[in-house]
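User: Please take a close look at one helix of this model and at what packs around it. I should then like the account to follow those surroundings outward.

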Amino acid sequence: MLLPWKLFQASFSALSSTTSPSTQASIGSTLDRAHALLSRTPIFDGHWDLPIFARWTVGDNLAKFAYNDTLKGQIDLPRIRKGGVGSFWSIAFVECPSSTNVSLGPGPGWDWDDQPAQVVRDTLEQIDLTRQLVEYFPQDVALARTPNDFWENWKQGKVSHWIGLEGAHSLGNSLATLRTYAALGVTYLTLTHNCHNVFADAAIPAPGSPDEVHGGLSHFGFRLVKELNRLGVAVDLSHTSPKTQLETLHVSSAPVIFSHSGAKAVYDHPRNIDDEVLRELRKSERDFVVGVPFLSDFVRGAGNSTLEDVVEHAEYLAAKLGGKRHVALGSDYDGALEFSKGLEDAASYPRLVAKLMERGWTEKDLEGLASENWLRVIGKIQRHGRVTRAGGARPDMRPWHGRHDCE
Ligand SMILES: [Zn+2]
């Protein structure tokens, strides 16, 4: 998710066709092989902003949501089918508090302390939206929480909708809220969006905020990571500051993920991952995976990004991280207006797979990129949670230190 929603809404009227012939003609039979591969091992995308798109376009009213027809964003069921997509994380997202309604530093007003109810309500509505898609489109949509669900749904011809949560500001500073979200099906939490919160510093602060407030994770953020590990919910480090990333790598006892982040050395954007962090990830004894975004701003900048640039991010990450098994996809579809040329919408994945085939990626590499790398890592995170709970780890029930109604 990139745009403030008003800008996003206003820009819809300017949208033209999202499809592009791109390089399709030149890759002919490779494209057939790509389709064949995806028919066996479908795409699992790590980050789609479908719920906020539905909120902005139909006010969450699924009775008006033409999911099985043509939608104005990058995603709808016909394009999902055309693109060989079998699964994606459907993101619950609520805007960060603006710099005008959040005071910086612990105290009244800090990160929703005074008004957590609205952000928690809106987050629940975003989670509910994905859950209710099953009721409206039962032939095509199924929820998923585990790798086993993914394959079961695929066998039945259904598209797995996993629920991810973008931005720990959505917790209302409460680990109890986190546990409730997890019970409703949330399988990853991005520690920040484009604002610092009580848990961690972001790569991009809210307007008017200092560059950092904690210097990485706060003590409460440390506890949040431990609780996520115990629950078997993935810690997502996209959007966080490099210091938050480095600290979390040391604090987390489970593998971590980056749901939608490129490489800073390929394109210097604050949301992309530093070489230093890539080196530390590679040294980690635990597994990890990075989803490469297609969103132009992260790939090569607006107006300049192409499928070939996305390939460059993927190959650079694979080289730095010690293997293609650590690279997956996290397009950020429906989270912005402009995507890399050749990868404009959910129907585009076969073109990317075909291009990588031409560049020598093996079928095994591509099955990993398509979905198996996400599935392997999320499976390990969930197993780690089960083992931790079986070992007697209890829920962290201590309230945030800034609470005064629980004393
Ligand atoms: Zn995002």
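Analyst:

**Helix 9 and its surroundings**

Helix 8 (219–231), strand 6 (234–236), strand 7 (256–258) and helix 10 (275–283) are among the elements that cover the buried residues of helix 9. The model is a predicted one. Helix 9 spans residues 242–251, and its buried residues are Thr244, Gln245, Glu247 and Thr248. In general, an α-helix has 3.6 residues a turn, so residues three or four places apart point the same way.

The loop between strand 6 and helix 9 contains His239. The phi angle of His239 is near 80 degrees, a positive value in a residue that is not glycine. His239 counts as buried because 25 C-beta neighbours lie inside 10 Å, against a threshold of 20 or more.

A second residue of this kind is found elsewhere in the chain. Asp332, also not a glycine, has a positive phi of about 75 degrees. Its place is in the loop between strand 9 (327–329) and helix 13 (349–358). Asp332 is buried as well, since 27 other C-beta atoms lie within 10 Å.

Helix 8, part of the cover over helix 9, leads on to helix 14. The axes of helix 8 and helix 14 come within 6 Å and cross at roughly 95 degrees. The two helices are therefore roughly perpendicular to each other. On the side of helix 8, the contact involves Asn229, Arg230 and Leu231, which meet His384, Gly385, Thr388 and Arg389 of helix 14. Sorted by class, this contact has one nonpolar, four polar and two charged residues.

Helix 14 also leads to the nonpolar interior. The largest nonpolar core has 105 residues, of which Leu189, Val290, Leu317, Val327 and Val353 touch the most other members. Helix 14 (residues 363–390) supplies the largest share of this core, eight residues. Apart from this core lies another, of six residues, including Cys195, Ala202, Ile204 and Ala206. As a general tendency, nonpolar side chains in soluble globular proteins are buried together.

Val353 shows how the largest core is joined across the sequence. Leaving out residues up to four places away in sequence, Val353 touches Ala34, Leu37, Leu38, Leu366 and Ala370.

In short, the route runs from helix 9, covered in part by helix 8, through the roughly perpendicular pairing of helix 8 with helix 14, to the core in which helix 14 has the largest share.

Technical notes. Residues numbered from 1 in each chain as written. Predicted model: local features only at pLDDT ≥ 70, side-chain atom pairs only at ≥ 80, totals over all residues. Buried ≥ 20, exposed ≤ 12 C-beta atoms within 10 Å, placed from the backbone. Helix = DSSP H or I, 4+ residues; strand = E, 2+ residues; numbered from the N terminus. Contact = placed C-beta atoms within 7 Å. Core = buried A, V, L, I, M, F, W, Y, C linked by C-beta atoms within 7 Å. Axes fitted to C-alpha atoms, helices over the stretch in contact; angles between N-to-C directions. Parallel < 35°, antiparallel > 145°, perpendicular 65-115°, else oblique. Nonpolar A, V, L, I, M, F, W, Y, C, P; charged D, E, K, R; others polar.
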